[in-house]
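The following note is offered to a colleague who is meeting this structure for the first time. The points are numbered so that each may be checked in turn.

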Amino acid sequence: MPSVPAFSQTDAQQRPVDVSALQADVDRHLKYSLGKDAAHASLYDWRMSLSLAIRDRIVDPWFASTRRTYELGKKRVYYLSMEFLIGRLLEDAVVNLQLDDVARQALAGLDVDYEAVVQDEPDAALGNGGLGRLAACFLESLSTLGCPAYGYGIRYEHGLFRQSFEHGRQAESAEAWLAQRPAWEFERPEAAYEIGFGGHVSKENGEAVWRPEESVIASGYDTPIVGWQGRWANTLRLWSAKPTKLFDLQKFNQGDYLAAAEPEALARTISRVLYPDDTTDQGKELRLKQEFFFTAASVRDIVRRFRSECGDLRQLPDRVAIQMNDTHPAIAGPELVRILHDDHRMELNEAVDLAQACLSYTNHTLLPEALERWPEPLMRRVLPRHMDLIEHIDARHARLHPGRDVSIIENGAVKMGELAFLTSHRVNGVSALHTELMKESVFGDLHRLHPDRIVSQTNGVTPRRWLWSCNRPLSRLITETIGEGWVGDLDRLEALTPFASDPVFLDRFGTAKRQNKVVLANWLKRTVGVTVDPDAMFDIQIKRIHEYKRQLMNILETVALWAAIRDDPHADWTPRVKIFGGKAAPGYAVAKEIIRLINDVAAVINADPAMKDRLSVVYPPNYNVSMAERLIPAADLSEQISTAGKEASGTGNMKLAMNGALTIGTLDGANVEIREHVGAENFFLFGLTADEVERRRQEPGHARTAIEASPRLSGALKLIADGAFSPDEPQRYHGLVDRLYNHDYFLVCSDFDAYHAAQRQADGVFKDRNTWFHRAAMNTAKVGWFSSDRAIRGYMEDIWDARSAL
């Protein structure tokens with residue numbers, strides 16, 4: 001093969017980037033794409049026109065990157081994920097193309113408010129929490145590093161849900177982000193695959209033939225994801241479900257209008273909602289169909305692309321690396337085996353080995369209930385051929401390892417974690433602690449059989465969005481202090497270390513933090529009507545609501561603090577603003593009860609005159625990426641308080657530390673590594689270790705013992721049980737309190753007093769602002785390792801064997 005010339009910036013960037021050229025393109029799109037003139041243009045029109053003009057400037061590096069990938073003929077990475085929490089893309093694209101000043105000036109010259117245009121973009125409703133945000137960070141870093149890649153997921157019409165509060169209770173309604181035309185995507189009608197379900201498998205000429213009973217079309221939509229400085233752009237391809245038969249005209253003409261539209265309605269159901277409630281049989285079936293729908297379409301697309309370049313399928317592992325982000329795409333193994341064996345007549349065991357050489361799996365949980373299991377009858381009914389192949393993979397593994405104590409199929413269920421493990425050549429944890437615990441717990445038996453398969457790749461976050469873009473005051477200070485190179489090389493933040501002891505720098509650091517807090521305070525006043533003091537400690541816990549994340553412990557400590565302030569209002573209390581953000585799964589009753597308790601407590605505390613300038617509680621609804629971009633730069637204290645051994649990694653902890661928040665947390669997930677990097681003295685540690693958690697659980701009555709030994713905790717629980725925060729329904733939280741006394745699996749009670757002590761330690765340090773800002777600045781200086789660029793380099797080297805094309 002002839003040598004390929006080096007990839008240059010000229011290859012990637014062709015369009016002019018000056019202000020007048022961008023203005024001209026905005027005006028052109030306003031007229032010819034939106035059909036408006038400046039005198040009659042709405043904010044939406046200006047936002048779409050700017051977005052399309054910026055998209056034009058992404059297309060050139062996108063095309064150049066695709067050409068370069070084909071020229072090199074090297075390996076591509078395919079990242080399969082049920083979630084891609086990409087948030088708003090306009091500002092992200094402007095920042096990565098380094099057109100921020102140009103875009104602002106261009107719109108100012110057109111008498112348009114740039115910030116209003118950026119804020120008008122709806123968040124793409126394509127994810128829920130850390131899983132999806134990690135996938136989005138990874139795609140951006142793949143592009144920044146020039147690693148040829150595709151992301152594959154589902155183009156959800158309504159995402160998870162839009163959260164609101166009704167009398168403190170979470171209410172769910174459909175997201176409507178697709179009500180407006182997405183500016184960034186390109187529909188690909190040629191990228192369409194018929195995905196079947198059900199039916200039967202028969203033997204024809206000695207070969208298995210699957211004849212599905214029903215099918216839908218997976219239709220592709222591409223969004224270019226541009227990396228830092230616009231040098232490379234990869235593709236996010238999302239699948240939308242469409243009917244194989246659009247409309248039954250005969251039934252319509254017979255007057256059966258609902259039946260006529262039924263094929264379209266049933267097909268669209270598959271890509272309507274992220275994580276439909278699976279507490280019913282219908283919900284389970286829909287979830288399984290969703291997962292197979294996007295995974296099968298993606299695998300078929302991967303094989304098609306490979307065959308367009310190379311005819312020998314035995315070379316697939318040399319060109320293809322497929323990463324399964326959690327167990328949702330675990331059916332990729334059987335589907336790839338089916339394609340190789342059934343469609344291309346490869347010997348079955350060779351197909352299994354070839355698929356394994358292509359596939360890798362990222363585990364994100366140590367919670368057994370979060371590792372998906374599908375009832376065997378459901379799997380056989382929905383995917384009969386794949387059930388056959390799963391049985392073959394399981395039986396083959398049993399033959400190769402006759403003494404094994406684990407199987408894919410167990411007690412009438414198909415275990416997707418074990419399936420993902422056995423069909424992958426690498427399985428990775430997402431923090432050092434999580435990886436070791438994974439070897440000991442959820443995959444302990446498989447690790448003993450395959451001791452080289454599990455590796456560790458600690459998560460990371462992109463500094464472009466999570467520092468440079470969302471925290472302009474701090475970003476400017478960093479650049480003025482150490483220069484510009486840190487945005488693409490976050491390890492350079494280490495150069496801030498000597499400045500963390502410089503009073504002048506710390507004064508400017510504190511000023512930057514206060515600017516962010518003022519902006520957040522003004523937004524909270526506008527959106528939720530709560531007035532907060534920017535000089536108070538902003539104490540923030542933002543993550544999905546789950547018992548192991550222990551928002552319950554946070555609000556219990558808040559109740560105890562409220563009671564203490566009321567008992568001694570003239571003491572020297574450190575003013576605090578407690579801010580919560582996060583959604584509970586619609587079927588997760590306990591989590592929703594915790595949300596209601598937080599809102600009930602907030603209502604009482606915020607109405608208490610004795611708490612003025614001392615304590616307030618705020619819970620803005622519908623936490624998403626855009627809200628995170630407001631909250632994280634303003635945080636003083638980062639709540640990372642999960643039960644040790646339960647959080648796989650976390651990424652919010654990294655973002656908050658990067659933005660100069662001190663962490664209060666347990667030795668769980670990536671907290672362990674964050675503490676090692678920033679220094680133990682710059683981290684408020686409390687709580688049982690993972691080993692101590694396991695031992696404490698074995699002690700009968702451990703929760704009741706802890707409650708009775710803690711006047712603060714027992715007092716807080718009594719206030720809640722007596723109806724202090726629910727006077728109209730005093731018994732409202734009896735069940736929650738009883739659960740703590742008798743079923744405290746996540747050890748809220750055992751860790752409460754240590755948590756309370758760590759909070760008072762944080763109070764004391766916050767009163768000495770120089771000490772606080774020194775410790776906060778040390779967090780920013782020492783977290784360069786937690787860049788997603790570093791994480792992706794690790795995947796490229798240790799898992800994918802992939803190389804940069806730059």
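1. Lysine 289 is a suitable place to begin. In this predicted model, lysine 289 is buried, with a relative accessible area of 11%. The side chain of lysine 289 nevertheless has a charged partner, for it meets the side chain of glutamate 214 in a salt bridge with an N to O distance of 3.1 Å. The two residues come from distant parts of the chain: lysine 289 belongs to helix H10 and glutamate 214 to strand S8 (residues 214-226), with their positions 75 residues apart in sequence. Glutamate 214 has a relative accessibility of 40% and therefore counts as partly exposed, since that value lies between the cut-offs of 20% and 50%.

2. Helix H10 takes part in another such link. Glutamate 309, in helix H10 (residues 281-309), and arginine 76, in strand S1 (residues 76-80), are 233 residues apart. Their side chains meet in a salt bridge at 2.6 Å, N to O. Arginine 76 is buried, at a relative accessible area of 6%, whereas glutamate 309 is partly exposed, at 26%.

3. Arginine 76 also appears among the contacts of threonine 69. Threonine 69 is located in helix H3 (residues 43-72). With neighbours within four places in sequence set aside, threonine 69 is in contact with Lys74, Arg76, Pro148 and Trp232. Its relative accessible area is 7%, so threonine 69 is buried.

4. A further charged pair consists of lysine 415 and glutamate 410, whose side chains form a salt bridge at 3.4 Å, N to O. Lysine 415 counts as buried at 4% relative accessibility, while glutamate 410, at 27%, counts as partly exposed. Elsewhere, salt bridges with shared partners connect Asp539, Glu557, Arg576, Lys578, Glu639, Arg760 and Asp763 in one network. How many salt bridges are found in the whole structure? The search returns 70. As a general matter, side chains of opposite charge can pair when their charged atoms come close.

5. The nonpolar interior deserves a separate comment. The largest nonpolar core has 148 residues, and the members that touch the most others are Ile54, Ile195, Phe293, Met379 and Trp800. Which helix gives the most residues to this core? It is H10, with 11 residues. In soluble globular proteins, nonpolar side chains tend to be buried together.

6. Phenylalanine 293 illustrates the surroundings of one such core member. Not counting residues up to four places away in sequence, phenylalanine 293 touches Ile154, Ile195, Phe197, Val216, Ile217, Ala218, Trp239, Ser240, Ala241 and Ile270. A second core, separate from the largest one, has 111 residues; among them are Phe509, Ile540, Leu552 and Tyr733.

7. The packing of two helices may be examined next. The axes of helix H31 (residues 748-767) and helix H32 (residues 769-782) come within 5 Å of each other and cross at roughly 110 degrees. H31 is therefore roughly perpendicular to H32, as the angle falls in the range from 65 to 115 degrees. On the H31 side the contact is made by Ala762, Val765, Phe766 and Lys767, and on the H32 side by Arg769, Thr771, Trp772 and Arg775. Sorted by class, the residues of this contact are four nonpolar, one polar and three charged.

8. Two residues merit attention for their backbone angles. Histidine 167, although not a glycine, has a positive phi of about 55 degrees; asparagine 622, likewise not a glycine, has a positive phi of about 65 degrees. Are these residues buried or exposed? Histidine 167, in the loop between strand S3 (162-166) and strand S4 (169-173), is exposed, with a relative accessible area of 70%. Asparagine 622, in the loop between strand S19 (615-618) and helix H24 (625-634), counts as buried at 7% relative accessibility.

9. A last point concerns glycine 403, which is found in the loop between helix H15 (384-400) and strand S13 (409-410). Glycine 403 is exposed, because its relative accessible area of 61% is over the 50% cut-off. From glycine 403 to valine 765 the separation is 362 residues in sequence and 56 Å in space, C-alpha to C-alpha. Valine 765 is one of the H31 residues in the contact with H32.

Definitions and conventions. Residues are numbered from 1 along each chain as its sequence is written. This is a predicted model: local features need pLDDT of at least 70, side-chain atom pairs count only at pLDDT 80 or more; totals for chains, interfaces and linings use all residues. Side-chain values use heavy atoms; hydrogens and water are left out. A salt bridge is a side-chain nitrogen of Lys or Arg within 4 Å of a carboxyl oxygen of Asp or Glu. Helices (H or I, at least four residues) and strands (E, at least two) are DSSP runs, numbered from the N terminus. Buried means under 20% relative accessible area, exposed over 50%, partly exposed in between (1.4 Å probe, protein chains only). Contact means heavy atoms within 4.5 Å. Axes are lines fitted to C-alpha atoms, for helices over the stretch in contact, and angles run from 0 to 180 degrees between N-to-C directions. Angles under 35 degrees count as roughly parallel, over 145 as roughly antiparallel, 65 to 115 as roughly perpendicular and the rest as oblique. Ala, Val, Leu, Ile, Met, Phe, Trp, Tyr, Cys and Pro count as nonpolar, Asp, Glu, Lys and Arg as charged, and the others, Gly among them, as polar. A nonpolar core is a set of buried Ala, Val, Leu, Ile, Met, Phe, Trp, Tyr and Cys residues joined through side-chain atoms within 4.5 Å.
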